[in-house]
Amino acid sequence: MRTSVAGKVLWITGASSGIGRAAAIEAARRGARVVLSGRRAEALDETAAACKAARGQAAAVLAFDLENPEARAEACEAAPSLLGPIDALVLNAGMTQRSTFMETSAEAFDRVMRLDFDAQVDLARRVLPGMVSRGSGCLVAVSSFVGLAGMPRRPAYSAAKHAIAGLFQNLRAELGGSGIRVVTVYPGYVRTAVAHNALDGSGRPTGKADPNIEGGVDPAVVGRDIVRAIEGGPAEVRSGFTLKLRFGLFLSRRLPRAWARMSARHEGL
Ligand SMILES: NC(=O)c1ccc[n+]([C@@H]2O[C@H](COP(=O)([O-])OP(=O)(O)OC[C@H]3O[C@@H](n4cnc5c(N)ncnc54)[C@H](OP(=O)(O)O)[C@@H]3O)[C@@H](O)[C@H]2O)c1
């Protein structure tokens, strides 16, 4: 059953940039009220202005660092007081990496896992009870192509994105009949700052472009898919998958050694 996001409150993390920003603007264009999170308040203000310009709906900024457990707890307390109870939580904020498993320090590995998995679990755990008591809501996880098929030089990122996808399959089954929709979005390559923000083996941002990301789809494509999924589209969405990525996914399932060789040679596809 399709339900419009008009009048609904969406809390979107990672809304200061890329996919989260695009999803927020698309949701606002369709009449949703949006709570926008990330660390950079100024960039969130810009997204809020773009959301308000889209259809004049309310947009609130809730800046905090997802890596800080106390800040997460405070944000989850504060979020429903801004625009009302959260109808949909979009767990989009995240970071990737560009180093082999052997090159990656334990600290850098743990940092990616903490942000891309632990912090998402914590937010879901804190927001879900409100949805359950109201008998409605939608949880969205932004996983990745690498949450379906691992790739070289993304050891913790591949692990975290598989982990969140697995958790969401579990939740979808457990929450069947509760009125709560559980959606997983798997973007392919998307033209955002994600590669620049990727960590190297020592845990520092690489600050480097990645030709696959530069040649990826516009974040608006994924933003639209996220909002459509909240409105009742498929529970698992592969967004912006090129023919090459579809072929890669097929190979990874049917011929995993061939996929390993190909993804190692081309670093992706
Ligand atoms: N781009 C792609 O090709 C691609 C492909 C598959 C999946 N994805 C996934 O899509 C999601 C969005 O990424 P993107 O491509 O839009 O990248 P992006 O432009 O780098 O955006 C990342 C967002 O996450 C937020 N964030 C990062 N660390 C945070 C922290 N510690 N606390 C709070 N917020 C934090 C950033 O906000 P601040 O900087 O303001 O903190 C920013 O808004 C990620 O989960 C990513 O893994 C991206």
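This tour moves from the whole chain to the ligand and its contacts.

**Whole chain.** Start with everything shown as cartoon. The model is predicted. Colour by secondary structure: the chain has 9 helices and 7 strands. Its radius of gyration is 18 Å, close to the 18 Å that the globule rule gives for 269 residues, so the chain is as compact as a globular protein of that length. Along the principal axes, the C-alpha trace spans about 50 × 35 × 30 Å.

**The pocket.** Now select the ligand. Where does the ligand sit? It occupies the largest pocket.

**The shell.** Next, select residues within 4 Å of the ligand. The ligand is surrounded by 31 residues. Show S17, R39, N92, Y157 and T192 as sticks; these are the closest. By class, the shell holds 14 nonpolar, 12 polar and 5 charged residues. Then highlight helix 1 (18-29) and helix 5 (155-174). Each of these helices supplies at least two residues of the shell.

**Polar contacts.** Zoom in on R39. A polar atom of the R39 side chain is 2.6 Å from a ligand oxygen. Go to I19 and show its backbone. Here a polar backbone atom lies 2.8 Å from an oxygen atom of the ligand. Then select L66, again with its backbone. What kind of ligand atom lies 2.9 Å from a backbone N or O atom of L66? It is a nitrogen.

**Cover.** Finally, put a surface on the protein. On its own, the ligand has 880 Å² of accessible area, and the protein covers 96% of that.

Methods
Residues numbered from 1 in each chain as written. Predicted model: local features only at pLDDT ≥ 70, side-chain atom pairs only at ≥ 80, totals over all residues. Heavy atoms only, no water. Polar contact = N/O pair within 3.5 Å; in protein donor to acceptor, adjacent residues only side chain to side chain. Areas by Shrake-Rupley, 256 points an atom, 1.4 Å probe, with all protein chains shown as cover. 1 Å grid on protein atoms, 1.4 Å probe; cavity = no way out; pocket = protein on both sides within 12 Å on 5 of 7 lines; lining within 4 Å. Sits in = over half its atoms within 2 Å of the grid points. Helix = DSSP H or I, 4+ residues; strand = E, 2+ residues; numbered from the N terminus. Nonpolar A, V, L, I, M, F, W, Y, C, P; charged D, E, K, R; others polar. Rg over C-alpha atoms; globule rule 2.2 N^0.38 Å.
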